[in-house]
Amino acid sequence: MTLAEIAVVVGGVLDGEGAADVLVTGPASIDSRAVPHGGLFVAVVGERVDGHDYAGGAVEGGAAGVLGTHPCGVPAVLVADPVVALGGLARHVLDQLDGVTVLAMTGSQGKTGTKDYLAALLAPEGPTVATAGNNNNELGVPLTVLRADATTRYLVVEMGARGVGHIAALCEIAPPQVAAVLNIGTAHVGEFGSREMIAVAKGEILEALPPEGTAVLNAGDPLTSAMGVRTRATVMSFGVDAELAGVAWRDLRLDPTGRASFELGHDGHWVPVHLTQIGVHQVENAAAAAAMALAVGVSLDDVAQRLSSVADVSRWRMEPHVRADGLLVVNDAYNANPESMSAAVRTLAHLGRSREGRSIAVLGVMRELGARSEEGHRRVGQVVAESGVDVLVTVGPEAAAVAEGAKADPAWRGEAIVTASRDEALSWVRENVTAADAVLVKASRGAALEHIVEGILEGTADR
């Protein structure tokens, strides 16, 4: 599209010499350093940085033009709100792509894992574009859409929400034909106030489905399984109980490395699956992705074969590293909430027992829990104790409640180390681990605990 055409779509004004004829041939980006050649730089004003300050550099680096609010000395389309305009542009482009099927998902946890599995299931069927990283908000969704082109067959979109109405707005940008609600947990409960309000918000994705679409719901989550009344689409469920779920699993086993094997079933047909990712929680993610793939015609046999061969997933999510001396370090530092952290802790305990060494959980703060923050942290501590984790290392004052929760269990024989900072936690781990141990590092993104992982592995090589 030319900038003149984009201006018409978004209701903007052209600025800059020759702007009308400038042709945009690549995707959009809000990072001036990462705009694809011929792409569109979207100048967003953030809390710390004003994207307009980098518009000139973006064009020098290959961007065709800029979408912003005021002149920057380069070809641009000027609008009142670049974020709103970006969403409108994405919807316009998507409407021109007749052959694209949009599959969207939301949930309190597991979105990225499910998205990764689904993209792998669909890619052999045709060109597939999926959300990169965690780009699941009012910026990330349109940026994902604008990576699609006339050859794209499947568009896999992860959708997040910080309040009621957010998912509905994202579905206006990328209306789904298949939509999944994975679960309703306590992530962001501080913003919503309750799990019930989270369910209200997440269920908006189902209300966006057409009657000929498919809603995929978690049969094992009462708040999710009850959402079928919110859509006219066909409902397909997933879960461990084959009598309740259209896509189910049975005979679940974990190998010594924490990887799951099971049978996946649909419509009376059962096939073996062997996941290459760590953690029993991956089974639910895989089943959700399987249900979404089945909804667009992928066979169960193909689903099983492809799930068993998925190797590349998003970074810092149960990402295993083996130090040169044999120490296992699992980097799950991308994000955390009580449910995902509890699942990771249970996997760690299994790994420790399998290796005949100690299980060491290095856990930091879980943010956005609001008034339930202390309760959520203590609950994870209870899981630490119940799972039999040998050593708990908490990082920072807010995470100290995890230690309190663990120590409240009189049956726990483990050790709790409360540290004030990443450096203190790293020092303890480096001085006390042995090669036979298994270490889990997990917290919310803002805690940046990947630095602890790097410090543990420093001076060694994975093998």
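Student: How are the strands ordered in the open sheet, and what's the pairing like?
Tutor: This is a predicted model, and in it five strands make an open sheet in the order β1-β5-β4-β3-β2, with mixed pairing.

Student: Which ones are the edge strands?
Tutor: Those are β1 (13-15) and β2, each of which pairs on one side only.

Student: OK, β2 and β3: parallel or antiparallel, and how many bridges?
Tutor: They run parallel, and two bridges join them. As background, strands of a sheet pair through backbone hydrogen bonds, either parallel or antiparallel.

Student: What stands opposite serine 29?
Tutor: Phenylalanine 41, in β3.

Student: And which helices lie across these strands?
Tutor: Helix α1 (residues 3-10) lies across β1, β3, β4 (65-68) and β5 (76-78), and runs at about 15° to β5. Helix α3 (residues 82-96) lies across β2, β3 and β4, at about 120° to β4.

Student: Switching to valine 35. Where is it?
Tutor: Valine 35 sits in the loop between β2 (28-29) and β3 (40-42).

Student: Buried or exposed?
Tutor: Valine 35 has a relative accessible area of 10%, so it counts as buried, the cut-off being under 20%.

Student: What is it in contact with, leaving aside neighbours within four places in sequence?
Tutor: Ser29, Leu40, Phe41, Ala58 and Ala63. Ser29 and Phe41 are the pair that stand opposite each other.

Student: How far is valine 35 from alanine 64?
Tutor: C-alpha to C-alpha they are 9.2 Å apart in space, and in sequence they are 29 residues apart.

Student: New topic: how many disulfides?
Tutor: The count comes to zero. A disulfide is a covalent bond between the sulfur atoms of two cysteines, and here the test was a pair of sulfur atoms within 2.5 Å.

Student: So what about cysteine 72 and cysteine 171, buried or exposed?
Tutor: Cysteine 72 has a relative accessible area of 22%, so it is partly exposed. Cysteine 171 counts as buried because its relative accessibility is 5%.

Student: Last one, aspartate 116. Where is it placed?
Tutor: Aspartate 116 is in helix α4 (residues 111-122).

Student: Is that side of things buried or exposed?
Tutor: Aspartate 116 is buried, because its relative accessible area is 14%.

Student: Which side chain does it make a polar contact with?
Tutor: The side chain of lysine 115, at 3.2 Å from the side chain of aspartate 116.

Student: And its contacts, leaving aside neighbours within four places in sequence?
Tutor: Aspartate 116 is in contact with Val313 and Ser314.

Terms used. Residues numbered from 1 in each chain as written. Predicted model: local features only at pLDDT ≥ 70, side-chain atom pairs only at ≥ 80, totals over all residues. Heavy atoms only, no water. Helix = DSSP H or I, 4+ residues; strand = E, 2+ residues; numbered from the N terminus. Buried < 20%, exposed > 50% of the residue type's maximum accessible area, 1.4 Å probe, protein only. Contact = heavy atoms within 4.5 Å. Pairing = 2+ DSSP bridges. Axes fitted to C-alpha atoms, helices over the stretch in contact; angles between N-to-C directions. Polar contact = N/O pair within 3.5 Å; in protein donor to acceptor, adjacent residues only side chain to side chain.
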